[in-house]
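Q: Hi! Could you walk me through this protein model in plain words?
A: Happy to, here it is.

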Amino acid sequence: MDWDDTIAAIATAVAPGLGSVAIVRMSGPAAESIGRTLFRAPGQQVWDSHRVLYGHVVDPASGERVDEALLLLMKAPRSFTREDVVELHCHGGLIAVQRVLALVLAHGCRRASAGEFSQRAFLNGRLDLTRAEAIGDLIAARSQRAAQLAMAGLDGGLQRRITALREQLLDQLAELEARVDFEENLPPLDAAAVVAALTEVRQALEALVAEARQGELLRDGLRVAIVGRPNVGKSSLLNRLSRRERAIVTDTPGTTRDLLESELVLEGVPLTLLDTAGIRPTSDAVERLGIARSRAALAAADAVLLLFDLTTGWSDDDQELRDLVPDGAVLLLVGNKADAAGLATGAVAPTGPGFPLEVAISARTGEGCEVLVETLLQRCGATELQGLQVALNGRQRELAAAAAAALGRSLEAAAAQLPWDFWTIDLRAAVRSLGEITGEEVSEAVLDRVFARFCIGK
Ligand code: GDP
């Protein structure tokens, strides 16, 4: 596809005083000429594709040197977008790079929207949609495993799986459609073979849908709320898990009024820990605010660690808190201060003490915390992640599930021995859904939505 405009954006993260290098990237037919207008390369340096030039970005109006930079020209089609691309590698930080961007915009570039470079790469056939989405996932990855999974997508692992399934369906569709039109001229169709092929694809899709949850865990992580009465040791546990003094540990009940969020990675799974203020009936307005937040945190959490104090045992307040936990949330009952209570740490047998306790820990010594993490991840279904090769994202999962459901309807038509064209309606829908995953059959609106999730400059 040919665009007549040239887009530009800062391709690197923009932060004051941070980053030694910042890249302004241009893509489109005018990229090279704008580069030549704004960049002075001293000596005999040659403007060749895929060759780095050293020089300065100069404002042609004033002759002022705006930044010392490297220029990299990548001529179409050997570039990310398959268009002419020019990258100016400037000094990092905020000011110089933004002036360089302003200059290229003033000389004929249009400011790129989010994901627009990737969108051009996709529309020019450089990437299929699963690879383009994998780029977004790689950038957003919060753990090594999530990054590995995104790389597998970028290498085309998912595209190959989906394309193979789609082609199996297309083969069957061709057989069936030929029978719809020219039944009498063709050998009779082996209906059992068609049913077997559709069933196989459907099972493969269902397996992918089931695995998607695992991928989601790696990509998006888990939100875990730590709740408990004041002073049971929530902040201490948070500190223990994040191994840094993020929350302030004090002896006064109810000081953790706001919701504290800590990001950490445990066993490859990114976790957001939400430390809630002490949830209890109170007349203190500020406290009540904290309570409202805590309720919100409970509602938003994938899992809840309900912490109580083993030195005082399970109380009515603890029970009241337990009753606040929404149905369906993963709940783990954790007794803390095992050291002071003189109790053993670790997983507790169901026949244990006379109150509900699943894992006993000491946030102070750290004992039992490993078992706590293991149990938590297990309860959340996050322990089978090592063997995961590819994983669908939310959009892809919905499409795969829709394709599997459509195949289910096709198979029903087959079982009811309906005429061929009843089989093909849903089969075609399944083919279309899979085509939407790879981008072979996808509307502009869907594309816009996919690429809008990207950052600017990618
Ligand atoms: P929060 O109000 O639930 O956040 O509780 P804190 O983390 O602020 O802890 C309250 C008090 O209990 C502090 O004095 C901690 O030192 C103490 N504490 C926390 N965890 C333990 C533990 O495992 N053992 C003992 N002995 N004391 C603990």
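The chat below goes through the sheet, some salt bridges and a charged patch.

A: A quick note before we start: this is a predicted model, where local features need pLDDT of at least 70, side-chain atom pairs count only at pLDDT 80 or more, and totals for chains, interfaces and linings use all residues. Residues are numbered from 1 along each chain as its sequence is written, and side-chain values use heavy atoms, with hydrogens and water left out.

Q: Cool. In what order do the strands of the open sheet come?
A: The order is β3-β4-β5-β6-β2-β1-β7, which makes 7 strands with mixed pairing. Strands here are DSSP E runs of at least two residues, helices are H or I runs of at least four, and both are numbered from the N terminus. Two strands pair if DSSP finds at least two bridges between them.

Q: Which strands stand at the edges?
A: β3 (39-40) and β7 (109-111); each has a single partner strand, so one side of each is left without a neighbour in the sheet.

Q: And how does β3 run relative to β4?
A: They are antiparallel, joined by 2 bridges, with β4 covering residues 51-58. Arg40 has His56 in β4 as its bridge partner.

Q: New topic: how many salt bridges are there?
A: The count is 25, where a salt bridge is a side-chain nitrogen of Lys or Arg within 4 Å of a carboxyl oxygen of Asp or Glu. One of them joins Glu32 and Arg36, with the closest N and O atoms 2.9 Å apart. Both residues sit in helix α1 (residues 31-38), 4 residues apart, about one turn of the helix.

Q: Is Glu32 buried or exposed?
A: Glu32 is buried at 13% relative accessible area, while Arg36 is partly exposed at 41%. Buried means under 20%, exposed over 50%, and partly exposed in between (1.4 Å probe, protein chains only).

Q: What does Arg453 form a salt bridge with?
A: Its partner is Glu133, with the closest N and O atoms 4.0 Å apart. Arg453 lies in the segment after α15 (444-452) and Glu133 in helix α4 (residues 129-140), so the pair ties together parts 320 residues apart in sequence. Arg453 is exposed, at 53%, whereas Glu133 is buried, at 0%.

Q: What about Asp137, which residue does its side chain meet?
A: Arg219, in a salt bridge of 3.4 Å, N to O. Asp137 is in helix α4 and Arg219 in helix α7 (residues 191-220), 82 residues apart.
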